[in-house]
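Reader: I would like a close look at a single part of this model. Please keep to what can be read from the coordinates.

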Amino acid sequence: MDRFEPNLRIPGPTALPPTVREAGARQMINHRGPEFAAMLDRILTGMKPFFGTTSDVAMLTCAGSGGLEAAIVNTLSPGDPVLAVSIGSFGDRFAKIAAIYGADVMKMEVEWGKAADPAVVREAFAEHPGYRAVLLTHNETSTGVMNPIPVLAAAIRDVAPDALILVDSVSGLGAVPFEMDAWGVDLVVTGSQKAWMAAPGLAMIAASPRAWEAMGTATMPRFYLDLRAHRDAAANGQTPFTPAIGVVFQVDEGIRLMQAEGAASIFARHEACAAASRAGLQALGFELFADQRFASRTVTAAKLPENHDWKAFNGAIKAHGVVLAGGQGKLAGKIFRLGHLGSVTVEEILGAIATLETVSREQGRRLTPGSSVGAAYAAAVESLGAAGIGAPTAATVPA
């Protein structure tokens, strides 16, 4: 932690490790030259284990939402029946993109704070068996819910083996286990500004052989987002258009750090930070918003007490150097969100909880000093112990 910089605890963009920041300041290189080709290969190859796939990965210069748009336009045609399973704001966005491009979208709206129910998804196919694709959100940052993708995918495969399964894992992939091939998922989207510990600007997409085959018959318009063009260019060590080279430098360094830490340790660290966040917030008297059976491991949402002014509360928290996220859409002013993904450490979470306790006490809430931090630390220790890792330290993540 750096007292001269805020403790950035939003669900993205995430704080950057020092070497990632330095990588982004490098001099430009020829994006048609051998140095870039080697870097692109490191990135696309290095990401495959986190996707859980042996299939090709494409890297696009755009935000995560651009990746979602690419998922739609590359695999579908206007008029295709699509089941969009929405558990929050970003599920709504995925559905909206498909509808704008002419898909016949049936949106299944799940109560915010809940995960999708595989049985209800099965029922949707019983009523309308011809869906060409299903849109799923892996980690919904607007509500702090993580969908059970392997169970949902298994249910879809059981009732509709030919349906394409397209997954938004912008804020999940890289922080938690994902097994695209084993689960039968056809396309997964992620973004550079989340678990990959880099600045915004790149979307990475992995597609199954079925999805790549679907791109040959899909007729939605696409040019810049054409994944086949990106795959063909990558085979020659290039991108079809000028990439965000500074962000590419950062993702390359971020993957190097992730490989040094190891996937198991990364996942355990995120679990511990999530456990600490939930325990600390509850010790402060906040009610958690998400169904805890499906609580996100990258962001925790908590309800604001009745008549609690979010602007005043948030302003005081910012004055103490911690940056949280408020609620989105219909949850604005009703919840706040504490992000814990990317290069996050348990130490940073404990610092955020300590600040929340300080502000809560300043605003008249009766709390035993240090009680929330103690609860958060105990939860982190228990989580790391379950993963076979010792007590948390500032060096839990590589520098």
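How many bridges join strand 8 to strand 9, and in which sense do the two run? Please go on from there to the sheet around them.

Author: The model is a predicted one, and what follows describes that prediction. Strand 8 (residues 164-168) and strand 9 (residues 187-191) run parallel and are joined by three bridges. Within this pairing, V167 has V188 of strand 9 as its bridge partner.

The two strands belong to an open sheet of seven strands. Read across, the order is 2-10-9-8-5-3-4, and the pairing is mixed. Strand 2 (57-61) and strand 4 (104-109) form the edges. Each of these has a single partner strand, so one of its sides has no neighbour in the sheet. From one strand to the next the twist averages 20 degrees.

Helix 2 (residues 34-51) packs on the sheet, where it touches strand 2, strand 9 and strand 10 (202-207). The direction of helix 2 makes about 120 degrees with that of strand 2. Helix 4 lies across strand 3 (81-86), strand 4, strand 5 (133-137) and strand 8. Relative to strand 5, helix 4 runs at about 150 degrees. Strand 8 is thus listed with helix 4, while strand 9 is listed with helix 2.

Towards the strand 4 edge, strand 3 and strand 4 pair in the parallel sense over six bridges. In this pair L83 stands opposite M106 of strand 4. Five of the six residues of strand 3 are buried, that is, under 20% relative accessible area. Strand 3 is therefore largely enclosed by the rest of the structure. As a general point, side chains in a regular strand alternate between the two faces of the sheet.

Helix 4 also takes part in a pocket. Helix 3 (64-75) and helix 4 (89-100) each supply at least two residues of the lining of the second largest pocket. The largest share of that lining, three residues, comes from helix 3. The pocket has a volume of about 240 Å³ and is lined by 16 residues. Nearest its centre lie F90, T141, V170, Q193 and K194. By class, the lining has four nonpolar, eight polar and four charged residues.

Notes. Residues are numbered from 1 along each chain as its sequence is written. This is a predicted model: local features need pLDDT of at least 70, side-chain atom pairs count only at pLDDT 80 or more; totals for chains, interfaces and linings use all residues. Side-chain values use heavy atoms; hydrogens and water are left out. On a 1 Å grid over the protein atoms alone, a cavity is a set of points where a 1.4 Å probe fits but cannot get out, and a pocket is an open set with protein on both sides within 12 Å along at least five of seven lines; lining residues have an atom within 4 Å of a point. Grid points are joined across faces, edges and corners, and a volume is the space filled by probe spheres set on the points. Helices (H or I, at least four residues) and strands (E, at least two) are DSSP runs, numbered from the N terminus. Ala, Val, Leu, Ile, Met, Phe, Trp, Tyr, Cys and Pro count as nonpolar, Asp, Glu, Lys and Arg as charged, and the others, Gly among them, as polar. Two strands pair if DSSP finds at least two bridges between them. Axes are lines fitted to C-alpha atoms, for helices over the stretch in contact, and angles run from 0 to 180 degrees between N-to-C directions. Contact means heavy atoms within 4.5 Å. Buried means under 20% relative accessible area, exposed over 50%, partly exposed in between (1.4 Å probe, protein chains only).
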